[in-house]
Amino acid sequence: MKRRGFLYAASATIASVAGFAGPADAAPRTRYLGMFREQDAGTVAADVHRLYGVTPASVMWFDAWGTGRPFPVGTAREMWRQGIMPHYTWEPWDTALGATDPAQIHLSDILDGRWDAYIKARGREFAAVRRPILVRWGHEFNGNWYPWGIANNDQDPSLYVRAYRHVHDLVVRSGGGNVQWVWAYNNGSSPDEPYNDPALAYPGDRYVDWVGIDGYNWGFGPSWDPAGDHWTSFEQTFATAYGKARLIAPGRPVMLGEFASSEDGGGKAQWIADMAAALRSGAYPDLRLLTWFDTVKEEAWSPGSSPGALAAFTAWVRERSMRGRGGELARIACR
């Protein structure tokens, strides 16, 4: 069976099991809530429901190649029993080393086949889930903070394209035809140079099921610019990047792979309310999955960072248009 046929068949089975019979896609303006929390991925949905009164359609977590950990097949299967689509951010680096350390994993190492056995093993584990999973590989490649970034690989976007395709093809050949591949760039390139234009690093429609955008409202005085004011509205944060996604891959749905707002330098509650209004207006029609970064890290990203922010976030995620579930989400990219 061809890959997209496999994905559709698997997602249709999920929809039936989870009680989502019906058309192959939800209403055009239905959005899906994704969540990331710094805890075991299998426990996130229960805590999200307890804190915000909703069950996410997707739960995202991170893993770095340097850990050598297997993919948690049992956890992914349990998520699907709850109607939640797993979202695996798969990072090709060793977190114990700096981004520019000579011993770090680089795109040339991937292309030389040094990681083939590892990739194939993960591909077999992806296949063992027997349900669609989102895999966001090598995200934010247009930033200079990760070793797979174009800036750290001879400023050559073709290396990223070749590495992405290599990983994709090994996973598929290992049985992982159930993977929905997320190609995700940062909302702004760093450095903002012609070679770092995300369009130059697009692997092609054959290799991409979702276009992802990562972005944050950093507010006033983030750690990387303590005296700077970087407060941006939702639309200032994402409108340009969304337009780029529609130019690069107009036939692919769009997600926010991770996003959130700071409290510093503005009104986070109003930021969330304005975002909800922009989405209700019919803007961003192809933006279907929004994954909130629910943690306190560089900034207080969590929705519960203030009573006002919590109230605004809770109101947004409880809107009717945000009530989509994992079974419907899995079918969006299978049309």
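For the exercises below, Ala, Val, Leu, Ile, Met, Phe, Trp, Tyr, Cys and Pro count as nonpolar, Asp, Glu, Lys and Arg as charged, and the others, Gly among them, as polar. The model is a predicted one.

**Exercise 1.** Find the largest cavity, and state which residues line it and how they divide into nonpolar, polar and charged.

*Solution.* Begin with the count, which comes to 1 cavity of 30 Å³ or more, and then take the volume, since about 30 Å³ of space lies in the largest cavity. Next, list the lining, which is made up of A41, G42, T43, V44, A45, V59, M79, Q82 and I84. Helix α2 (residues 41-52) supplies the largest share of this lining, with 5 residues. Finally, sort the lining residues by class, which gives 6 nonpolar, 3 polar and no charged.

**Exercise 2.** Decide whether P203 is buried or exposed, and describe its surroundings.

*Solution.* First place the residue: P203 sits in the loop between β5 (179-186) and β6 (210-217). Its relative accessible area is 1%, and because buried means under 20%, P203 is buried. Then look for its partners beyond four places in sequence, where P203 touches V161, Y164, R165, W183 and V208. As a last step, note that the C-alpha atoms of P203 and Y160 are separated by 8.3 Å, although these residues stand 43 apart along the chain.

**Exercise 3.** Which residues of the largest nonpolar core touch the most other members?

*Solution.* Among the 99 residues of this core, the ones sought are W90, W137, Y160, W183, F234, F259 and W316. Helix α6 (residues 157-173) gives the most to the core, namely 7 residues.

Notes. Residues are numbered from 1 along each chain as its sequence is written. This is a predicted model: local features need pLDDT of at least 70, side-chain atom pairs count only at pLDDT 80 or more; totals for chains, interfaces and linings use all residues. Side-chain values use heavy atoms; hydrogens and water are left out. Helices (H or I, at least four residues) and strands (E, at least two) are DSSP runs, numbered from the N terminus. Buried means under 20% relative accessible area, exposed over 50%, partly exposed in between (1.4 Å probe, protein chains only). Contact means heavy atoms within 4.5 Å. A nonpolar core is a set of buried Ala, Val, Leu, Ile, Met, Phe, Trp, Tyr and Cys residues joined through side-chain atoms within 4.5 Å. On a 1 Å grid over the protein atoms alone, a cavity is a set of points where a 1.4 Å probe fits but cannot get out, and a pocket is an open set with protein on both sides within 12 Å along at least five of seven lines; lining residues have an atom within 4 Å of a point. Grid points are joined across faces, edges and corners, and a volume is the space filled by probe spheres set on the points.
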